[in-house]
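Please examine the structure shown below. The questions that follow treat selected residues in turn.

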Amino acid sequence: MPDLTKKVISMNEVKAFIRKRKAEQVIDGLEAQGFCCMTLIDVMGLGRMSDPEKAQLSVSIAERFTNIVKLVVVCSEKDTERVVEIIRNKGRSGQPGDGIIYVTPVSKSVHIRSGDSGSDFLQHERRNPTS
């Protein structure tokens, strides 16, 4: 019979598409607040704005695709807004094309090595940034 006393923690996946040059600042900001576990992927984006640094030179020579990075963090529901704010604050340049953040619920997670499921291993190495 399953252990019904174990509290289920809701989880969210925060996906952010940000400028490559801002990635290190965003990661440092997340790590400084104790978020150790994330994924960073090089991607190419196609949106309303191309890179404003290139677009300022000439609209006709602006590249159609922009090199960006996709950052993925899975965190507890209670940490979601803090993760979003760190990404926004550290990833913002103030120029068009700064990126976008998506938050989606995670219904299940399974740790491949141990088989643990749920949020037991979520941000498991997280340290208290105030200590």
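Q: Which backbone oxygen does the side chain of T80 reach?
A: This is a predicted model, in which local features need pLDDT of at least 70, side-chain atom pairs count only at pLDDT 80 or more, and totals for chains, interfaces and linings use all residues. Residues are numbered from 1 along each chain as its sequence is written, and side-chain values use heavy atoms, with hydrogens and water left out. T80 lies in helix α3, a helix being a DSSP run (H or I) of at least four residues and a strand a run (E) of at least two, numbered from the N terminus. At a distance of 3.1 Å, its side chain reaches the backbone oxygen of S76.

Q: Is T80 buried or exposed?
A: Buried means under 20% relative accessible area, exposed over 50%, and partly exposed in between, with a 1.4 Å probe and protein chains only. The relative accessibility of T80 is 4%. T80 therefore counts as buried.

Q: Which residues form a salt bridge with a closest N to O distance of 2.9 Å?
A: A salt bridge is a side-chain nitrogen of Lys or Arg within 4 Å of a carboxyl oxygen of Asp or Glu. The pair in question links distant parts of the chain, 79 residues apart, with one partner in strand β1 and the other in the loop between α3 and β4. The partners are R19 and D98.

Q: Are R19 and D98 buried or exposed?
A: R19 has a relative accessibility of 7%, and D98 has a relative accessible area of 16%. Because these values place R19 and D98 in the same class, the answer for the pair is buried.

Q: Which residues are joined into one network by salt bridges that share partners?
A: The side chains of D79 and R82 meet in a salt bridge at 3.9 Å, N to O. Salt bridges that share partners then give a network of K78, D79 and R82.

Q: Which residues touch the most other members of the largest nonpolar core?
A: A nonpolar core is a set of buried Ala, Val, Leu, Ile, Met, Phe, Trp, Tyr and Cys residues joined through side-chain atoms within 4.5 Å. In soluble globular proteins, nonpolar side chains tend to be buried together. Of the 16 residues in this core, those with the most such neighbours are I18, L30, L71, V83 and I87.

Q: Which elements give two or more residues to this core?
A: The contributing elements include helices and strands. They are β1, α1, β3 and α3.

Methods
A polar contact is a pair of N or O atoms within 3.5 Å; within protein, one must be able to donate a hydrogen and the other to accept it, and residues adjacent in sequence count only if both atoms are side-chain atoms.
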